[in-house]
Amino acid sequence: MRTLLFILMAAVLCGCTTRYTETDMAAPPSSSLETGKIAYIVTPLDGSYGEQVYAQSGMHTAQLLDFALKPYVTRSVVGPYATDMRVIMNAAKKAGARYVFIPMITNWEHRRAVWSKRSSEVGINMRVYDVRGEKQLLMRDLRVEGRQLTVKSQYPEEIVTPLLERFTRDIFLGAESQEGS
């Protein structure tokens, strides 16, 4: 009976947690980014799942990244969607930015876990550049999967906020800042 109760509790607890993963796609910088600088954020295209495009998800992602950067930068500038690195770098230099953040939404799924037991998921490929040398500092795949067992559906915007906060804390304060959080 105890074993059955333990298994049931473990299943409930596993389904009640939000899972965050970060995978470096290129060698990360050897040291943390310098705080107190200006950041330039490129607004990504809206996320989608299959044929469903989630309107304004690109703008929300840029705004949430802007908010997550606030503790570490003097200010940030959110720019429009762009793919031409010359255009991006020129806009960043004009803004006086030291760092450029280029998020690309790779997965944006809003699911109603209450009914389907399938959780919302978000994937963002994040590239960060140093404007001074126009050099890529890191490329990281950020993923979050919401709770499967919940009484309230989780929207992608809700689950991506802590993901971006963890990411910015890590790149400015280092991996040791994640312990205990």
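This text goes through the salt bridges of a predicted model and then through the packing of two of its helices.

Start with the charged side chains. A salt bridge here needs a side-chain nitrogen of Lys or Arg within 4 Å of a carboxyl oxygen of Asp or Glu. By this rule the model has 11 salt bridges.

One of them joins R140 and D24, with N and O 2.7 Å apart. The two residues come from distant parts of the chain: R140 belongs to strand β8 (residues 135-145) and D24 to strand β1 (residues 19-24), with their positions 116 residues apart in the numbering. The surroundings of the two partners can be read from their accessibility. R140 has a relative accessible area of 6%, which is under 20%, so R140 is buried. D24 has a relative accessibility of 34%, and therefore counts as partly exposed.

R98 takes part in a salt bridge with E34, at 3.2 Å from N to O. This pair also links distant parts of the chain, 64 residues apart: R98 sits in the loop between α3 (85-94) and β6 (99-109), while E34 sits in the loop between β1 and β2 (37-42). R98 is buried, at 12% relative accessible area, whereas E34 is partly exposed, at 40%.

R98 has another partner, D130, and here the closest N and O atoms are 3.4 Å apart. Because D130 lies in strand β7 (residues 121-130) and R98 in the loop between α3 and β6, this salt bridge ties together parts that are 32 residues apart in sequence. D130 is buried, with a relative accessibility of 10%. These contacts belong to a network: E34, K37, R98, D130 and R132 are linked by salt bridges.

Now turn to the helices. Helix α2 (residues 57-69) packs with helix α5 (residues 156-173); their axes are 9 Å apart and form an angle of about 40°. An angle of about 40° is not under 35 degrees, the cut-off for roughly parallel, and it is also outside the ranges for roughly perpendicular and roughly antiparallel, so α2 and α5 are oblique to each other. Their crossing is right-handed.

Which residues of α2 and α5 meet? From α2 come H60, T61, L64, L65, F67, A68 and L69, and from α5 come E157, V160, T161, L164, E165, T168 and F172. Sorted by class, this contact has eight nonpolar, four polar and two charged residues. Among the nonpolar ones are L64 in α2 and V160 in α5, and E157 and E165 in α5 are charged.

Methods:
Residues are numbered from 1 along each chain as its sequence is written. This is a predicted model: local features need pLDDT of at least 70, side-chain atom pairs count only at pLDDT 80 or more; totals for chains, interfaces and linings use all residues. Side-chain values use heavy atoms; hydrogens and water are left out. Helices (H or I, at least four residues) and strands (E, at least two) are DSSP runs, numbered from the N terminus. Buried means under 20% relative accessible area, exposed over 50%, partly exposed in between (1.4 Å probe, protein chains only). Axes are lines fitted to C-alpha atoms, for helices over the stretch in contact, and angles run from 0 to 180 degrees between N-to-C directions. Angles under 35 degrees count as roughly parallel, over 145 as roughly antiparallel, 65 to 115 as roughly perpendicular and the rest as oblique. A crossing is left-handed if the near helix is turned anticlockwise from the far one by less than a right angle, and right-handed if clockwise. Contact means heavy atoms within 4.5 Å.
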